[in-house]
Amino acid sequence: MVDFLAKLGLDKLDRALIYGVILAAILAMLSGAVYFSHGWFAFVLRWLHVLAGVMWIGLLWYFNFVQIPSMPKIPDEQKPAVSKVIAPTALFWFRHAALATVATGLLLAAMNGYIVEALTLQAGPARLIGIGMWLGLVMAYNVWMIIWPNQKIALGMVEADADAKKKAARTAMITSRFNTMFSIPMLYFMVAAQNVSAG
């Protein structure tokens, strides 16, 4: 089975992603879950929003649950593998997933006609999604304006002395922990907006 899957090119990430999209399209068509209407396009946008969000929050949690706690346990001579190879790649997908999550979320809110109600926290389900949106917007701001600039310094992508690198690493880590804290209520309100009636 593994040899067959390798022959399909599943050892390459781009092939796995392409096959995943093709498989989703085939299964959607066979199940009758494709119909070209406003509702279907809104659903596809929501699906893309969820995919981007899974990558964003998954990487946020990877950094906070795996990478940061593991770094002190890694021998110094092996740390460059993380700081020069793994972290820059993970940060690329992390910040772009944040951007994609926000962009698809705002487009979805606009497409479904509740963007103003949500962002102004008006009563009803719009308030719930609005709280989730604001938490997500703060988190995305942190990713692009605090975490990423400081990680560039900490990882040596920007020229800086040892003290500046140490300070930048701490700032990025504390902000990442802040985002981890915010991710819990953000996810609650994103799900609650679909499943809980607001008073």
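Leaving aside its neighbours within four places in sequence, with which residues is Ser183 in contact? In this predicted model, the answer is Ile57, Leu60, Trp61 and Met139, and Ser183 itself is found in helix H7, which covers residues 162-195. The points below take up the surroundings of Ser183, then the packing of helix H3 against helix H6, and then one further residue in each of those two helices.

**Ser183 in helix H7**
- Ser183 has a relative accessible area of 0% and is therefore buried, since the cut-off for that class is under 20%.
- The side chain of Ser183 takes part in a polar contact of 3.1 Å with the side chain of Trp61, and Trp61 is also listed among the residues in contact with Ser183 beyond its neighbours within four places in sequence.
- The side chain of Ser183 also reaches a backbone atom, namely the oxygen of Thr180, at 2.6 Å.

**Packing of H3 and H6**
- Helix H3 (residues 38-70) packs with helix H6 (residues 125-154) at an angle of about 60°, and the axes of the two helices are 13 Å apart.
- The two helices, H3 and H6, are therefore oblique to each other, and their crossing is left-handed.
- On the H3 side, the residues that meet H6 are Trp56, Ile57 and Leu60, while on the H6 side they are Gly136, Met139, Ala140 and Val143.
- Sorted by class, this contact of H3 with H6 has six nonpolar residues, one polar residue and no charged residues.
- Ile57, Leu60 and Met139, which take part in the meeting of H3 with H6, are also among the residues in contact with Ser183.

**His49 in helix H3**
- His49, which lies in helix H3, has a relative accessibility of 17% and therefore counts as buried.
- The side chain of His49 reaches the backbone oxygen of Thr101 at 2.9 Å, and a polar contact of 3.1 Å joins the side chain of His49 to that of Thr104.
- When neighbours within four places in sequence are left aside, the residues in contact with His49 are Thr101, Thr104 and Gly105.

**Trp148 in helix H6**
- Trp148 lies in helix H6 and, with a relative accessibility of 13%, counts as buried.
- Apart from neighbours within four places in sequence, Trp148 is in contact with Leu91, Arg95, Val143 and Met157, and Val143 is also one of the H6 residues that meet H3.
- Along the chain, Trp148 and Ala162 are 14 residues apart, and their C-alpha atoms are separated by 18 Å.

How values were computed. Residues numbered from 1 in each chain as written. Predicted model: local features only at pLDDT ≥ 70, side-chain atom pairs only at ≥ 80, totals over all residues. Heavy atoms only, no water. Axes fitted to C-alpha atoms, helices over the stretch in contact; angles between N-to-C directions. Helix = DSSP H or I, 4+ residues; strand = E, 2+ residues; numbered from the N terminus. Parallel < 35°, antiparallel > 145°, perpendicular 65-115°, else oblique. Left-handed = near helix turned anticlockwise from the far one by under 90°. Contact = heavy atoms within 4.5 Å. Nonpolar A, V, L, I, M, F, W, Y, C, P; charged D, E, K, R; others polar. Buried < 20%, exposed > 50% of the residue type's maximum accessible area, 1.4 Å probe, protein only. Polar contact = N/O pair within 3.5 Å; in protein donor to acceptor, adjacent residues only side chain to side chain.
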